[in-house]
Amino acid sequence: MSGTTLGLLTGLALGLAAAFGGFTAFLLVVVFGALGLLAGRVADGKLDLAQLLGRDRD
């Protein structure tokens, strides 16, 4: 399982654990899922935070 998949699943699980039920819970799950996905992409090396934040290595 790739780090991206693991990060997404972890984020979704944390979101479900943090809030259960209702529209607010849905939004929290989306936010935690997105954070987990980003963490997984960084762990896989498929997302460079320096470029994302506008900081080049040059």
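Helices and strands are here DSSP runs, of at least four residues for a helix (H or I) and at least two for a strand (E), numbered from the N terminus. In the predicted model, the protein chain follows the pattern α-α-α when read along the sequence. The radius of gyration of the protein chain is 14 Å, well over the 10 Å that the globule rule gives for 58 residues, so the chain is more spread out than a compact globule. The secondary structure amounts to three helices and zero strands. Along the principal axes, the C-alpha trace of the protein chain spans about 45 × 25 × 10 Å.

Burial and surface composition were evaluated for the whole chain. Of the 58 residues, 17% count as buried. The accessible surface comes to about 4400 Å², and carbon and sulfur atoms contribute 68% of that area. Among contacts with a separation of 6 or more, 42% are accounted for by residues 24 or more positions apart. The protein chain carries 4 positive and 4 negative charges, and the mean positions of the two sets are 6 Å apart.

Helix H2 comprises residues 22–44, 23 residues in total. From its first C-alpha to its last, H2 reaches 33 Å, close to the 33 Å expected at 1.5 Å a residue. The buried residues within H2 are Ala 25, Val 29, Gly 33, Gly 36 and Gly 40. These buried residues of H2 pack against helix H1, which covers residues 3–18. After H2 comes Gly 45, with a positive phi near 80°.

Phe 23 also belongs to helix H2. Its relative accessibility is 59%, above the 50% cut-off, and Phe 23 therefore counts as exposed. Between Phe 23 and Gly 40, 17 residues apart along the chain, the C-alpha separation is 26 Å. Gly 40, in contrast to the exposed Phe 23, is one of the buried residues of H2.

The pairing of H1 with H2 can be followed at individual residues. Thr 4 lies in helix H1. With a relative accessible area of 12%, under the 20% limit, Thr 4 is buried. When residues up to four places away in sequence are not counted, Thr 4 touches Leu 37, Gly 40, Arg 41 and Asp 44. One of these partners, Gly 40, is itself buried.

Asp 44, another partner of Thr 4, is located in helix H2. Its relative accessibility of 30% falls between the 20% and 50% cut-offs, so Asp 44 counts as partly exposed. Not counting residues up to four places away in sequence, Asp 44 touches Ser 2, Gly 3 and Thr 4. For one of these, Gly 3, the C-alpha atom is 5.6 Å from that of Asp 44, although the two residues are 41 residues apart in sequence.

Helix H3 spans residues 49–52 and includes Ala 50. Ala 50 has a relative accessibility of 21% and counts as partly exposed, because the buried class is confined to values under 20%. The C-alpha atoms of Ala 50 and Ser 2 are separated by 22 Å, the two residues being 48 residues apart along the chain. Ser 2 is also among the residues touched by Asp 44 of H2.

Note on methods. Residues are numbered from 1 along each chain as its sequence is written. This is a predicted model: local features need pLDDT of at least 70, side-chain atom pairs count only at pLDDT 80 or more; totals for chains, interfaces and linings use all residues. Side-chain values use heavy atoms; hydrogens and water are left out. The radius of gyration is taken over C-alpha atoms; the globule rule is 2.2 Å times the number of residues to the power 0.38. Buried means under 20% relative accessible area, exposed over 50%, partly exposed in between (1.4 Å probe, protein chains only). Contact means heavy atoms within 4.5 Å. Accessible areas come from the Shrake-Rupley method with a 1.4 Å probe; for residues, only the protein chains shown count as cover. Lys and Arg count as positive and Asp and Glu as negative; His and the chain ends are not counted. The place of a charge is taken as NZ of Lys, CZ of Arg, CG of Asp or CD of Glu. The expected span of a helix is 1.5 Å times one less than its number of residues.
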